Each structure stands twice: as C-alpha cells, then as structure tokens.
Amino acid sequence: MGNSSLGQLTMVRYREFWREPEAVFWAFIFPVLLTAGLGIAFRNRPPEVVKIGVTDQSLVSVLKSDKSLDVRVFSPAEGADALRMGRILVLVEPGSPTTYRYDDTNPEARNARLLADRALQAAAGATPAVKTRDELVREPGSRYIDFLVPGLLAMNLMGSGIWGLGFTIVDARRKKLLKRLVASPMSKTEYLLSFLLSRLSMLAIEVGVLIGFAIWVFGVPMRMPLWEMAVVCLLTALAFSAVGLLIASRARTLEAASGLMNFVMLPMWIFSGVFFSSERFPAAIQPFVQALPLTAAVDALRGGMLQGARLHQISGELGILTGWLVVCFIAALKLFRWK
C-alpha cells in the first residue's frame, strides 16, 4: 500500500507541474532566455576604441599610432566642453609637462589616460624598464559566459525546488486539500517524499535544456563526466527541494510562503557568487557565505564544468548540500502539519 501511494502521489506532482504554464516557463524557458541575453551582452568583442581629445594637431599622428584611440582636435574651450559633456574621456594638452584632463572616478577615463600616455611615451623613445608581451586568453572556460552558466544553473535549481514545491503545498493547504488527506493511510513521509521524487522526473529536462543551449550557442565547456554532473545536479535539486518543503511545512497563505521564500533566497542571490565571485566579500563573513547551499552548488558546478573537477575534489561542497538536504527534510517532517 505504501509503495502504491507513494507512486501515485509522485505522478500527481508530475501532472500538476506540467499543467501550470507559469511553472514550465520559469523552470525551462526563463533560464535559457536569461543565458542568451547575458551571453550576448558579455560576448567576446574586439577591443573598444576610446575617444580622446587634443588641443594640438601635432599630437594626432602620435596618438593615432595606438589603434584603440580615436583622436579628435579641439580648441581649449571646445575640448573642455566635450570633456564635460562626455563626448571624450581625456583631453590632452601639450606643454611642459603634458597635461591629461579627465575624471579619475571613471574607470574608462583612467584607461584612456593610460593608453594616451603609453602612445606619447613610446613616440618619445621611452624604453620600458621591464620587457613585456600580451597573451590574450579567449579559450572556453575563461570567458564571463562560462563563469555565468553554472551560477544560473544552480540558481534555477534553487528557484524551481523552493518555489515549485513550496507553493504547491501551501496552495493545497489553503484550499483545505491537505485536510482531506489526514484520514487516508498515507503518512507525512510518503507525502513529502513524493515531492522530492517528482523533482527527479523533470531534472534531466531542466538541466539538459540549459546546459545544452549554453554548449550549443556559446561553446561553454563541460569537462566533468556527464554521470558525475548528474550526481551534482541531483543532490543540488534535492537539497533545495528539502528547503522548500521546510518553508512550506507551516505556512498557511501564499503571501506568508512568498515572504519566507524571498527571505531565504535573497541572501543567496547576493552572497553566493552567481554573477560574480563570492570571494569579493570580506573574510569576516566568508564562513557564512561558504555555508550557504547555493554557494556550495555554484562552486561544485563551476568546478565540474570549467575545471573538470571530479566528485572527490568537490566533496566539501557536496557534503554541505547533503547536510542541508538531511536537516531540512527531517525538520520538515517534524514541523509539517496538514491543516
């Protein structure tokens, strides 16, 4: 009886999901659209040409020797206006010494100043104290889109696990559907476990669509064996599903559930390194950051996809996810109520 009940409950969860267009959109379509948009925005592009101004025609040919500079000639008054209006980033005024006028709070202006100075120094015959050379790195794995995709995948697994499961339970409680199940021979364990099992049936599609799109369109590498990547994604999905069950174990209204879910996910959106490295945060809060399940998921997925890390090399991250799964599921069983 127990196995039959669990199987039927799992199928119910599965059908409920596919009957909700919004759930399908947020789980499968939105991550692909987000990846496409950010991938296009941060695609590999040739070096940008920066606009600078000079007040002496004799400097034009010298500065134009650097192909990354677009040099324009102004009178002193016109140059000041162009600089103030943002039409140029730097105004170069010859003299002894040569003067660079620019806004040092603008990173692009500081870069333009360095480029202009490099061209002038080279034209004057200055010899660098240390010989250098440029080696441009553009191989898959070193680009921003490569860094981004594992974070988006982890974020999508978190959202579909917490929102998808949590809202379903709270909505059923709000409609008093759970109250009717109290008289059935089904246990709380079977009911909650059915939600975890239902995630497995959709996980392959959810992960496959996003990773397949990223590999096909942007050439994002996949350097971990597929079966090991499946283990990481499975553990991540189950951990966040358990968090969603815990959040929904007592909430009676959708508003309360939404508030709790946002309260839980907001710190992870900020601190877990989805869009930039979590190492940017101060060392004092790193223990908190590293203990978050999304941080562990992002680090594990990035290590596997970009560096080819094997399961034993990311055992720390997998241990954190397992801890969240076990603790949250047990807590959900203890706190869950039908009414």
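Tutor: Two strands count as paired if DSSP finds at least two bridges between them. Helices (H or I, at least four residues) and strands (E, at least two) are DSSP runs, numbered from the N terminus. The model is predicted, so local features need pLDDT of at least 70 and side-chain atom pairs count only at pLDDT 80 or more, while totals for chains, interfaces and linings use all residues. Residues are numbered from 1 along each chain as its sequence is written, and side-chain values use heavy atoms, with hydrogens and water left out.

Student: Which element of the protein chain has the highest mean pLDDT?

Tutor: pLDDT is the predictor's confidence in each residue, from 0 to 100. Over the protein chain its mean is 79, and 78% of the residues reach 70 or more. Among the elements, the lowest mean, 63, belongs to helix α2 (residues 21-41), and the highest, 92, to helix α13.

Student: In which sense do β1 and strand β2 pair?

Tutor: Five bridges connect β1 with β2 (residues 69-73). Within this pairing, I52 stands opposite V71 of β2. The sense of the β1 and β2 pairing is parallel.

Student: Which residue is the bridge partner of V54 in β3?

Tutor: Strand β3 (residues 90-93) runs parallel to β1 and is joined to it by three bridges. The partner of V54 in β3 is V92.

Student: How many residues of strand β1 are buried?

Tutor: Buried means under 20% relative accessible area, exposed over 50% and partly exposed in between (1.4 Å probe, protein chains only). Strand β1 covers residues 50-54 and is mostly covered. Of its five residues, the number buried is four.

Student: How far apart are the end C-alpha atoms of helix α6?

Tutor: The expected span of a helix is 1.5 Å times one less than its number of residues. For the 31 residues of α6 (residues 144-174) this gives 45 Å, and the model agrees, with end C-alpha atoms separated by 43 Å.

Student: Why is α6 described as largely enclosed by the rest of the structure?

Tutor: The description rests on how many of its 31 residues are buried. Helix α6 is largely enclosed because that count is 22.

Student: How many disulfides does a search of the whole structure find?

Tutor: A disulfide is a pair of cysteine sulfur atoms within 2.5 Å. C233 is buried at 3% relative accessible area, and C328 is buried at 5%. The number of disulfides found is zero.

Student: How many residues apart in sequence are the parts that D66 and R118 tie together?

Tutor: A salt bridge is a side-chain nitrogen of Lys or Arg within 4 Å of a carboxyl oxygen of Asp or Glu. D66 and R118 form one, with an N to O distance of 2.7 Å. D66 lies in the loop between α3 (60-63) and β2, and R118 in helix α5 (residues 107-123), so the sequence separation of the parts tied together is 52 residues.

Student: Is D66 buried or exposed?

Tutor: Its salt-bridge partner R118 is partly exposed at 49% relative accessibility. D66 has a relative accessible area of 10%, so this residue counts as buried.

Student: Which helix holds both D117 and R113?

Tutor: These two residues form a salt bridge whose closest N and O atoms are 3.9 Å apart. They are four residues apart, about one turn, and the helix that holds both is α5.

Student: Which helix contains E228?

Tutor: E228 forms a salt bridge with R310, the closest N and O atoms being 2.7 Å apart. R310 lies in the loop between α12 (293-307) and α13, so the pair ties together parts 82 residues apart in sequence, E228 being in helix α9.
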